Amino acid sequence: MNNNGMNEPLGIVNHILKKSFVDGPGNRAVIFLQGCNFHCLYCHNPYTINHCTACGLCVETCPQHALTLGKDKIFWNEDICVECDECIRVCPESASPRTRTYTPAELWQEVARIGPFITGISVSGGEPSLQVPFLARFFQLVKENSDLTTLIETNGFAGQQAYTDMLPWLDMAMVDLKCSDPDKHLELTGQPLDTVLESIRFFAAQGKLQQVQQVIAPAYTDQAADMQRTAGLLAGIDPSIHLRLLRFRPHGASGPAAQWQSPTDERMDALVETARSNGLTSVERSL
Ligand code: SF4
Ligand code: SF4
């Protein structure tokens, strides 16, 4: 039984983007969940990694007095918040006080309002596979009440078993392959690579793998040998897997990654060619 006295699973949402053209096909609403099991060195949304521990540190720093410390949680007054992000800058836990908790029905009620203006719903992170019971029920409601398509953007770490419960109501998955070298993957994300590949195989076999994406970052994925290995692994699963290469940008990254260089256009183009010449038929890159 959850906090509302019902048996519905609860989801913790960081924020909802009402319109996006880069998180799957068409025009999509994107739901960003709170909580991730990777700790990527170049994470651009570190405030989505952990859950708030109600330490209270951010309350004093809010210039709008929009935060209040309760017994074991923070109350956020959305009406007076000016989204200055001071609270997430001071948070020592890589968390946010501005999350909202939903039942699947409550979330569907909110997204349904923009349903006529979108073609689908993408769920990103944080990491969607950490909230499967909630998402399975939410996607079921989406499918029972609309023609919207459903998609998750996942790091793949959970492996195939974790996704099975949501599969009947899931149309597509985008899987991040952070790095195809097992040692570098562990160094970059804090987690091993093997179940990520298992998830890619699983979604490909189900016909639900919308694309694999990889951030091209210095020292991890930007060399020809890195791309030869990545393309070889994916082509061995299915040469028609769509691979999208995303250029690393230091803006928004923290720690040492804030000093890393973006790969040049020439480097990105060369990696696209390397992927194609190593067996993949569908490769593109971001601008
Ligand atoms: S973003 Fe955070 S610190 Fe800024 S006004 Fe909103 S709650 Fe306060
Ligand atoms: S968001 Fe961070 S700083 Fe604010 S109360 Fe929670 S853990 Fe503490």
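These are my notes on the domains, two ligand sites and one strand of this structure.

**Entry: the model.** I am working from a predicted model, so I treat every value here as computed from it.

**Entry: domains.** I looked up how the chain is split. Domain 1 covers 11-50 + 99-285, and domain 2 covers 57-90. I then checked the spacing: the C-alpha centres of domain 1 and domain 2 are 29 Å apart.

**Entry: ligand 1.** I pulled the shell next and got 13 residues around ligand 1. The nearest are Cys62, Cys81, Cys84, Asp85 and Cys87. By class, I noted 8 nonpolar, 1 polar and 4 charged residues in that shell. I also asked which cavity holds ligand 1. Ligand 1 turned out to sit in the second largest cavity.

**Entry: ligand 2.** Ligand 2 has 13 residues around it, and Cys52, Cys55, Gly56, Cys58 and Cys91 come nearest. I sorted the shell of ligand 2 into 9 nonpolar, 3 polar and 1 charged. As for the space, ligand 2 occupies the largest cavity.

**Entry: strand β1.** I went through the pairing of β1, residues 11-20. Towards β5 (residues 100-102), I found an antiparallel arrangement with 3 bridges. One partner pair I wrote down there is isoleucine 12 with threonine 101 of β5. Towards β2 (residues 28-33), β1 again runs antiparallel, with 5 bridges. In that pairing, isoleucine 16 faces isoleucine 31 of β2. A reminder to myself on strands: when a strand is regular, its side chains alternate between the two faces of the sheet.

Technical notes:
Residues numbered from 1 in each chain as written. Chains lettered and ligands numbered in written order. Predicted model: local features only at pLDDT ≥ 70, side-chain atom pairs only at ≥ 80, totals over all residues. Heavy atoms only, no water. Domains from an automatic or database assignment. Near = heavy atom within 4 Å. 1 Å grid on protein atoms, 1.4 Å probe; cavity = no way out; pocket = protein on both sides within 12 Å on 5 of 7 lines; lining within 4 Å. Sits in = over half its atoms within 2 Å of the grid points. Nonpolar A, V, L, I, M, F, W, Y, C, P; charged D, E, K, R; others polar. Pairing = 2+ DSSP bridges. Helix = DSSP H or I, 4+ residues; strand = E, 2+ residues; numbered from the N terminus.
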